Amino acid sequence: MSTFFLNPANRAWLVLLVATGVTWWLGDVGAAGTDAILAMLAIVFIKGRLVILDFMELRGTPPMWRLLFEGWLILVGGLILLAYASGPATSTSPKSMAPRRCRKQECMSQDVNPTSVLVKRGSPGQVPNGSTRIRQPSGTDPSICLRDTSNGERTWRNEWPS
Amino acid sequence: MEDCRYRRRPGQDPQHRRARDVKLEYAAKFGEGISFSTNTFYRFYISLTFFHFMHVILGMAILAILWVKTRQGAYGSHDAHGLESGAAYWHMVDLLWIVLFPLVYVMR
């Protein structure tokens, strides 16, 4: 067993197992927000660096090789962070059941989606007049985007209004 | 602009998770009508995971060839270039998944 720890690749493997568990946990609890992304990217950097240095055995090689690989890791991580920071603001509690106003763009993009269910104004069924019916395939998120044609207001709902 | 209908990531929806337990992840998605053209996220989700899957298949073929050649005594102190190249490729595929998994399944 003591010889097991002498091999740097074996030590790296144990760290990778723990780091994978932490990443899994982050996804399982639905961690969101900048803190979660930073934690996730830090784990990615630690894991990636261990794979580069101990699995691909680049530890002690000329700086060019380490710069190439570790630089790639930093570049990709930086681009992910940049993409996240420049993206649309996301809700901090996505599992919330509370209806929220949906942005115009959200409903508009669904109207043209081939997989969305669109019920036209005044068509028979349980859909109130003037509403566009959009359903998610599954999930507990508010899934129905209702558009009031009288004032153009859009709202997320969990159920059809009676 | 990503559609709000599919804001959930594949691993984070309880119903998706249940579906994933009983059948293949792709089959569960396609069965729900999610396809390559559903939205930007699913376009990247399918292409990234599929291309990575192809790399894993290629890596397993390479490992099988290395295993056979090692048994034949092809590698040793005189020559281990092929063995080391194959191993480096396999670890490179691992490295890519370390970046891809949080990006596709964890980040939101």
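Helices and strands are runs assigned by DSSP, a helix having at least four residues and a strand at least two, and they are numbered from the N terminus. The legends below describe close-up views of a predicted model.

**View 1. Chain B is built from four helices and zero strands.** Read from the N terminus on, the elements of chain B follow the order α-α-α-α. Chain B has 108 residues, of which 37% count as buried. Among the contacts in chain B with a separation of 6 or more, 59% are accounted for by residues 24 or more positions apart.

**View 2. Chain A contains five helices and two strands.** From the N terminus on, its elements run α-α-α-α-α-β-β, with the two strands following the helices. Of the 162 residues in chain A, 35% are buried. For contacts in chain A with a separation of 6 or more, the share that comes from residues 24 or more positions apart is 43%.

**View 3. Helix α4 of chain A packs with helix α4 of chain B.** The view brings together residues 63-86 of chain A and residues 81-106 of chain B, whose helix axes lie 12 Å apart and make an angle of about 10°. Because angles under 35 degrees count as roughly parallel, α4(A) is described as roughly parallel to α4(B). On the chain A side of this contact stand A:Trp72, A:Leu73, A:Val76 and A:Ile80, and these meet B:Leu95, B:Leu96, B:Val99 and B:Leu103 on the chain B side. The residues of the contact are made up of eight nonpolar, no polar and no charged.

**View 4. B:Leu95, in helix α4 of chain B, is a buried residue in contact with residues of chain A.** The relative accessibility of B:Leu95 is 3%, and it therefore counts as buried, the cut-off being under 20%. When its neighbours within four places in sequence are left aside, B:Leu95 is in contact with A:Gly48, A:Val51, A:Ile52, A:Trp72 and A:Leu73.

**View 5. B:His91 is another residue of helix α4 of chain B.** With a relative accessible area of 18%, B:His91 is buried. Not counting residues up to four places away in sequence, B:His91 touches A:Val51, A:Phe55 and A:Met56. A:Val51 therefore appears in this view as well as in the one before, since A:Val51 is touched by B:His91 and is also in contact with B:Leu95.

**View 6. A:Glu57 lies in the loop between α3 and α4 of chain A.** The phi angle of A:Glu57 is near 55°, which is a positive value in a residue other than glycine. A:Glu57 has a relative accessible area of 55% and is exposed, whereas B:His91 in the preceding view is buried.

**View 7. The second largest cavity holds about 50 Å³ of space.** The structure as a whole has two cavities of 30 Å³ or more. The second largest cavity has a lining of 10 residues, and those nearest its centre are A:Ala31, A:Ala36, A:Ile37, B:Val106 and B:Met107. Helix α3 of chain A, residues 34-55, contributes three residues, the largest share of the lining. By kind, the lining residues of the second largest cavity are eight nonpolar, one polar and one charged.

How values were computed. Residues numbered from 1 in each chain as written. Chains lettered and ligands numbered in written order. Predicted model: local features only at pLDDT ≥ 70, side-chain atom pairs only at ≥ 80, totals over all residues. Heavy atoms only, no water. Axes fitted to C-alpha atoms, helices over the stretch in contact; angles between N-to-C directions. Parallel < 35°, antiparallel > 145°, perpendicular 65-115°, else oblique. Contact = heavy atoms within 4.5 Å. Nonpolar A, V, L, I, M, F, W, Y, C, P; charged D, E, K, R; others polar. 1 Å grid on protein atoms, 1.4 Å probe; cavity = no way out; pocket = protein on both sides within 12 Å on 5 of 7 lines; lining within 4 Å. Points joined across faces, edges and corners; volume = space filled by probe spheres on them. Buried < 20%, exposed > 50% of the residue type's maximum accessible area, 1.4 Å probe, protein only.
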